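Here is a short tour of a protein for anyone who likes to know the fold before picking up a pipette. Please have the structure open and turn it as you read.

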Amino acid sequence: MGNALVARLFDSVRRAGVGLRFETALREIIRQGDDIVGAVLSSPSGEVAIRVRKGVVLATGGIGWSRDLRERLFPDAARRLSLAPPSNTGDGILAAERIDAVIERDLESPALWMPSSVMTQADGHVSVFPHIMLDRAKPGLLAVDKSGRRFVNEADSYHDFVAAMLATSTTPAFLICDRSFIVDFGLGLVHPGTRNLRGFLEAGYLVEGETIEALARKIDVDAEQLAQTIARYNGFAATGLDEDFGRGSSELNRFNGGPRGKPNPCLRRIGSGPYYAVAVWPSDLASSAGLRTDSCGRVLSRDGKRLSGLYAVGTDASSIFRGTYPGPGTMIGPAIVFGWCAAMDAAGTLRRFLDPPR
Ligand SMILES: Cc1cc2nc3c(=O)[nH]c(=O)nc-3n(C[C@H](O)[C@H](O)[C@H](O)COP(=O)(O)OP(=O)(O)OC[C@H]3O[C@@H](n4cnc5c(N)ncnc54)[C@H](O)[C@@H]3O)c2cc1C
């Protein structure tokens with residue numbers, strides 16, 4: 001889950017003799033003319049200003065929990081929940097904006113989205129669970145809106161799933177299944193095979209109904225329509241063809257489907273009750289909108305000029321995929337590449353690398 005990668009980078013940094021300051025946060029970037037010459041940091045011993053020889057590389061984790069940036073850049077329905085660490089509060093982007101850097105807005109989406117369910121634990125802690133691929137594509141689950149209708153191919157990527165939620169004003173959406181689905185695959189925070197569902201039911205995370213009608217009433221969804229939707233879905237399970245949304249029609253769908261599902265690994269009959277529902281909400285797993293940079297991660301000002309000595313990488317920089325989600329690695333891949341480019345450019349060795357002497 002990334003720990004080994006970060007540990008290896010940390011080891012390299014220590015071997016290179018780089019000075020590290022923990023519990024120290026960027027507050028302001030110091031600009032003189034078109035040059036970035038330093039930064040103001042807050043540390044446990046107070047505020048310090050440092051002068052830089054080569055440059056400042058911003059890597060503070062993008063929009064994150066910044067209320068200001070979320071309100072300016074995200075659609076209403078996606079502002080509440082983020083999967084960013086609480087430490088990420090938009091500091092790099094906001095500090096750069098104050099010295100005339102600009103946020104790229106002309107993107108397909110300001111973030112990569114994830115449907116997440118939310119449970120308040122007994123100790124008050126709130127768990128936000130990302131529905132990455134453990135349940136949505138598995139056979140025997142469907143997602144509906146308030147009217148009891150499906151609105152998306154549930155097995156598509158998390159980003160596409162939420163994009164459909166936003167396009168159809170579906171917040172929340174409900175993932176629906178029967179008991180055997182929970183036994184086989186689990187549902188969100190409920191692990192496969194969990195026998196005692198009481199804690200999840202009492203917390204209101206999981207909703208149970210002996211019949212489809214009872215479930216629909218509890219989640220305030222049109223009962224007649226939900227029954228029709230399930231009947232139609234069961235028809236698709238028999239033929240293996242989802243005529244409405246093509247569930248199971250792509251390699252990605254089938255890869256994340258059920259290993260023994262036939263004829264379609266993403267479809268299975270929803271059987272007898274009890275039935276279950278979990279609400280999922282839009283959340284961001286990474287911001288795509290960030291600072292406008294050039295091909296070396298150099299930050300550009302409002303008038304398109306280089307702010308000499310200022311770089312942005314990771315989610316502090318606008319995504320090169322411009323708010324689309326081509327597949328796994330969309331964030332970490334560019335973060336590593338542009339981190340490297342920024343460091344090489346600041347050191348003055350990038351050109352030599354790109355155009356080696358013959
Ligand atoms: C569930 C989930 C699954 C994902 N899966 C993938 C995947 O498979 N592939 C992929 O490519 N991406 C994936 N992502 C996205 C990816 O993890 C993030 O986009 C990426 O880690 C962001 O890297 P970053 O360096 O921009 O920010 P971060 O890794 O969040 O680092 C930002 C750092 O800056 C620090 N910081 C914040 N403010 C300041 C300040 N003022 N001064 C100093 N430091 C500060 C923070 O403490 C933090 O350590 C996933 C994300 C989630 C939530």
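The report below goes from the overall build to the domains, the core and the ligand site.

**Overall build**

Please keep in mind that this is a predicted model. The C-alpha trace spans about 70 × 50 × 40 Å along its principal axes. Eleven helices and 13 strands make up the secondary structure of the protein. Of its 358 residues, 41% are buried. If you look at contacts between residues at least 6 apart in sequence, 67% of them join residues at least 24 apart.

**Two domains**

The domain assignment splits the protein into domain 1 (3–110 + 288–354) and domain 2 (113–283). Domain 1 is thus written as two stretches of the chain, 3–110 and 288–354. Taken over C-alpha atoms, the centres of domain 1 and domain 2 are 37 Å apart. Where the domains meet, eight residues of domain 1 are in contact with 13 residues of domain 2. On the domain 1 side of this meeting place, six residues are nonpolar, two are polar and none is charged.

**The largest nonpolar core**

Which residues touch the most other members of the largest nonpolar core? They are A96, L175, I176, C177 and Y311, in a core of 78 residues. Strand β11 gives the largest share of this core, with seven residues. The core lies between the two domains, because domain 1 (3–110 + 288–354) and domain 2 (113–283) both give residues to it.

I176 is a good residue to click on. Leaving aside neighbours within four places in sequence, I176 is in contact with L141, L142, V144, Y275 and A277.

**Around the ligand**

The ligand is surrounded by 23 residues, and the closest are G61, D91, A286, G314 and M331. By class, this shell holds twelve nonpolar, ten polar and one charged residues.

Several elements supply at least two residues each to the shell, and they are listed here with their ranges.

| Element | Residue range | Residues given to the shell |
|---|---|---|
| β1 | residues 25–32 | at least two residues |
| β11 | residues 275–287 | at least two residues |
| α10 | residues 332–347 | three residues, the largest share |

Strand β11 is worth a second look: β11 supplies at least two residues of the shell around the ligand, and the largest share of the nonpolar core also comes from β11. Helix α10, in turn, gives the largest share of the shell, three residues.

How values were computed. Residues numbered from 1 in each chain as written. Predicted model: local features only at pLDDT ≥ 70, side-chain atom pairs only at ≥ 80, totals over all residues. Domains from an automatic or database assignment. Contact = placed C-beta atoms within 7 Å. Nonpolar A, V, L, I, M, F, W, Y, C, P; charged D, E, K, R; others polar. Near = placed C-beta within 6 Å. Helix = DSSP H or I, 4+ residues; strand = E, 2+ residues; numbered from the N terminus. Buried ≥ 20, exposed ≤ 12 C-beta atoms within 10 Å, placed from the backbone. Core = buried A, V, L, I, M, F, W, Y, C linked by C-beta atoms within 7 Å.
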